[in-house]
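Work through the exercises below with the sequence and the model side by side, and try each task before reading its solution.

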Amino acid sequence: MAIYGNKISPVRTTCVSGWHEHKDGTTSPMNNATGRPLMQAVPTTELTQFAEDVLAGLSTTPKSLSSKYFYDDEGSRLFQEIMKLPEYYLTGCEFDIFSTQTEAIYRAFANGDGKFDLIELGAGDGTKTAVLVDHFLKAGADISYSPIDISQEALDALTEKFNAEFPTLKMSARNGDYFQILDSLRIGDGRRKVLLFLGSNIGNFSREQSVAFFRSLREVMSDDDLLFIGFDLQKDPHVIANAYDDAADVTAKFNLNLLTRINRELGGNFNLGKFTHYANYRPVEGSARSFLVSREKQTVRIDALDREFEFDQWEAVFMEISQKYSLRMIEELASESGFQIKQNFFDSRNYYCDSLWRAIR
Ligand SMILES: C[S@@+](CC[C@H](N)C(=O)[O-])C[C@H]1O[C@@H](n2cnc3c(N)ncnc32)[C@H](O)[C@@H]1O
């Protein structure tokens with residue numbers, strides 16, 4: 001069902017007087033009044049956030065689409081498939097940490113009294129978190145669990161699993177954007193909150209976005225609360241490059257699914273066969289990037305935007321960055337955001353680090 005139905009008002013144009021730097025270091029004309037990239041022709045009202053972001057992303061050079069929109073129901077299902085791929089080592093690493101260092105993680109979270117509330121941002125299907133919850137409950141901890149995710153499909157899978165495995169667990173799942181619900185985390189009931197941000201989700205943020213995000217978490221955290229973050233570490237570039245370009249092409253389907261979503265929700269006419277997935281890893285910057293590349297010169301119409309977009313042959317649409325970290329980068333991120341590292345947990349190959357942060361008081 002198409003849900004776009006947006007009203008498009010007369011087109012507004014803005015003057016260019018500067019350059020906006022994108023997350024991949026490239027630039028495009030900037031509107032000086034807003035500091036945002038210039039859209040050549042901007043419908044002004046009543047677009048959904050998704051429509052607005054697609055318009056902004058496809059109107060700039062280079063074109064981009066936000067990875068935040070990967071996770072419709074099919075995207076969530078495909079991501080669960082990606083997590084099982086032999087090339088996608090990240091899930092196995094975090095499983096390794098959670099299964100072999102569970103008691104140490106429990107002691108670090110519990111801080112003596114065993115009473116804390118787990119709040120997971122972008123929980124996905126919660127499979128890895130279940131390993132921790134299982135241990136905490138068996139150790140007699142007094143905990144609750146609040147997973148938050150933008151994907152209802154992922155939350156349904158999680159809720160079904162947790163209800164079956166942990167019938168006594170106090171749980172409240174929330175469907176929504178974690179950027180929108182941060183204020184509601186400011187609960188002053190005196191119980192310790194442990195915020196979980198796993199799966200190297202943070203790798204999809206630029207450095208500036210990461211610091212801003214962590215600072216906004218710090219603002220809603222009490223001094224005794226903790227933040228537990230999964231970071232994928234820098235390693236053999238071949239291992240990283242393969243993780244984003246798997247032999248079974250599931251990552252390609254995952255990226256292309258965003259075009260299907262635009263077709264369905266915004267009335268687009270992308271022909272998926274005319275785009276190919278391309279991923280690379282730049283070891284100097286420590287970043288993996290994925291793109292959808294137009295195989296031919298083509299025009300794509302998106303009804304909800306009342307716009308057509310031209311693609312040159314081999315023009316790339318930037319889809320996602322997956323940053324890889326050194327320990328120094330993790331330390332710098334923590335201190336710039338108002339935190340200090342309480343304890344780091346590594347997997348057996350030192351591929352991955354779950355870093356536990358406490359707020360600097
Ligand atoms: C890379 S997956 C990781 C899932 C899980 N944390 C793990 O480690 O397996 C990212 C998850 O974050 C969710 N997500 C992405 N952006 C979000 C946002 N802005 N608000 C809430 N959830 C979001 C997605 O739906 C997806 O389930």
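**Exercise 1. Establish the strand order of the open sheet and find its edges.**

Four strands, in the order 4-15-12-11, make up an open sheet of mixed pairing, where strands are DSSP runs of E of at least two residues and helices runs of H or I of at least four, numbered from the N terminus, and two strands pair if DSSP finds at least two bridges between them. The edges are strand 4 (63–64) and strand 11 (275–282), each of which pairs on one side only. Next, strand 12 (residues 287–294) runs antiparallel to strand 15 (residues 316–323) over seven bridges, and within strand 15 Ile321 is the residue opposite Arg289.

Before going on, note that this is a predicted model, in which local features need pLDDT (the predictor's confidence in each residue, from 0 to 100) of at least 70, side-chain atom pairs count only at pLDDT 80 or more, and totals for chains, interfaces and linings use all residues. Residues are numbered from 1 along each chain as its sequence is written.

**Exercise 2. Locate the largest nonpolar core relative to the domains.**

A nonpolar core joins buried Ala, Val, Leu, Ile, Met, Phe, Trp, Tyr and Cys residues through C-beta atoms within 7 Å, buried meaning that 20 or more other C-beta atoms, placed from the backbone, lie within 10 Å of the residue's own. The largest such core has 83 residues, and Val54, Val194, Leu195, Leu196 and Leu227 have the most contacts inside it. Helix 9 supplies its largest share, seven residues. Domain 1 (16–74 + 242–323) and domain 2 (83–233 + 326–359), with bounds from an automatic or database assignment, both contribute residues, so the core lies between them.

Terms used: A residue is buried if 20 or more other C-beta atoms lie within 10 Å of its own, exposed if 12 or fewer, and partly exposed in between; C-beta atoms are placed from the backbone.
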